[in-house]
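Here is a short report on the fold, the sheet and the cores of one chain. Keep the viewer open while reading.

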Amino acid sequence: MAPIGDIPIKIEGEPAPPAEYGNALPVLSQVRHALAQLVQGGESTQIDLGAMPFGPGDEERLMALLGTGEVTATVDALGLTHIQETAFSGVWIVEYLNTDGQRVALHLEVDHVPQLLRSQPEDLGAALAALNTQLAGAPDAT
């Protein structure tokens, strides 16, 4: 017979402790596959971490396994977006916040440069037109 101190007690109505999902390593394997696709064929990948069934500690473990790289950027457009290179070149953590500073999305991007930092084609055309206008109106330097 077990001593009374060794008998588990469950209080009625108390939620069960959350399960440990252990999804950090499978996501890291998905990142490895995506990085291989980028290296071999130039194909970029976006992994929506918000769609992953992370258990307690999974996100923290994944971030620790990915490490921190040298490049970081912050974009301020309809809320802040934080971009951090991981210790693996071409693997980026992209965290989107709303205007109240609450996380709305967390992605891993496997690409040369995160999509958010790339100039859009229509923006490039507008920039060229604006530069042409500025140069046309500038006094001659000669």
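## Pairing and the first strand

Two strands count as paired if DSSP finds at least two bridges between them. Strand 1 and strand 5 meet that cut-off, since four antiparallel bridges link them. One opposite pair is T45 and V110, the latter in strand 5. The model is predicted.

## Overall make-up

The chain holds three helices and five strands. Along the sequence they follow the pattern α-β-α-β-β-β-β-α. Of the 142 residues, 25% are buried.

Among contacts with a separation of 6 or more, 39% join residues 24 or more positions apart. The accessible surface of the chain is about 9,900 Å². Carbon and sulfur atoms hold 58% of that surface.

## The sheet

The five strands form an open sheet in the order 1-5-4-3-2. The pairing is antiparallel. Strand 1 (45–48) and strand 2 (72–76) each have a single partner strand, so one side of each has no neighbour in the sheet. On average, neighbouring strands are turned by 20 degrees against each other, direction ignored.

Strand 3 covers residues 80–85 and is joined to strand 4 by five bridges. The two run antiparallel. I83 has V94 of strand 4 as its bridge partner.

## Helices on the sheet

Helix 1 packs on the sheet and touches strand 1, strand 4 and strand 5. Its direction makes about 50 degrees with that of strand 5. Helix 2 also packs on the sheet, touching strand 4 and strand 5. For helix 2, the angle to the direction of strand 5 is about 35 degrees.

## Strand 5 and its hairpin

How many bridges join strand 4 to strand 5? There are seven, and the two strands run antiparallel. L97 is bridged to R103 in strand 5. The hairpin of these strands has five residues between them. G101 in this hairpin takes a positive phi near 80 degrees.

Strand 5 is mostly covered. Six of its eight residues are buried.

## Two cores

The largest nonpolar core has 16 residues. Those with the most contacts inside it are V27, V31, L49, L62, L108 and V110. Helix 1 (24–41), helix 2 (58–66), strand 4 (91–97) and strand 5 (103–110) each give two or more residues to this core. Helix 1 supplies the largest share, five residues.

Which residues does L49 contact, leaving aside its neighbours within four places in sequence? They are V27, F54, L62, M63, L106, H107 and L108. Apart from the 16-residue core lies another core, of six residues. Its members include I83, V94, Y96 and A105.

## A buried threonine

Is T81 buried or exposed? T81 lies in strand 3. Its relative accessible area is 6%. Buried means under 20%, so T81 is buried.

Residues up to four places away in sequence are not counted in what follows. T81 touches A73, T74 and V75. It also touches V94, E95 and Y96, as well as L116. Two of these contacts, V94 and Y96, are among the members of the six-residue core.

Terms used. Residues are numbered from 1 along each chain as its sequence is written. This is a predicted model: local features need pLDDT of at least 70, side-chain atom pairs count only at pLDDT 80 or more; totals for chains, interfaces and linings use all residues. Side-chain values use heavy atoms; hydrogens and water are left out. A nonpolar core is a set of buried Ala, Val, Leu, Ile, Met, Phe, Trp, Tyr and Cys residues joined through side-chain atoms within 4.5 Å. Buried means under 20% relative accessible area, exposed over 50%, partly exposed in between (1.4 Å probe, protein chains only). Contact means heavy atoms within 4.5 Å. Axes are lines fitted to C-alpha atoms, for helices over the stretch in contact, and angles run from 0 to 180 degrees between N-to-C directions. Accessible areas come from the Shrake-Rupley method with a 1.4 Å probe; for residues, only the protein chains shown count as cover.
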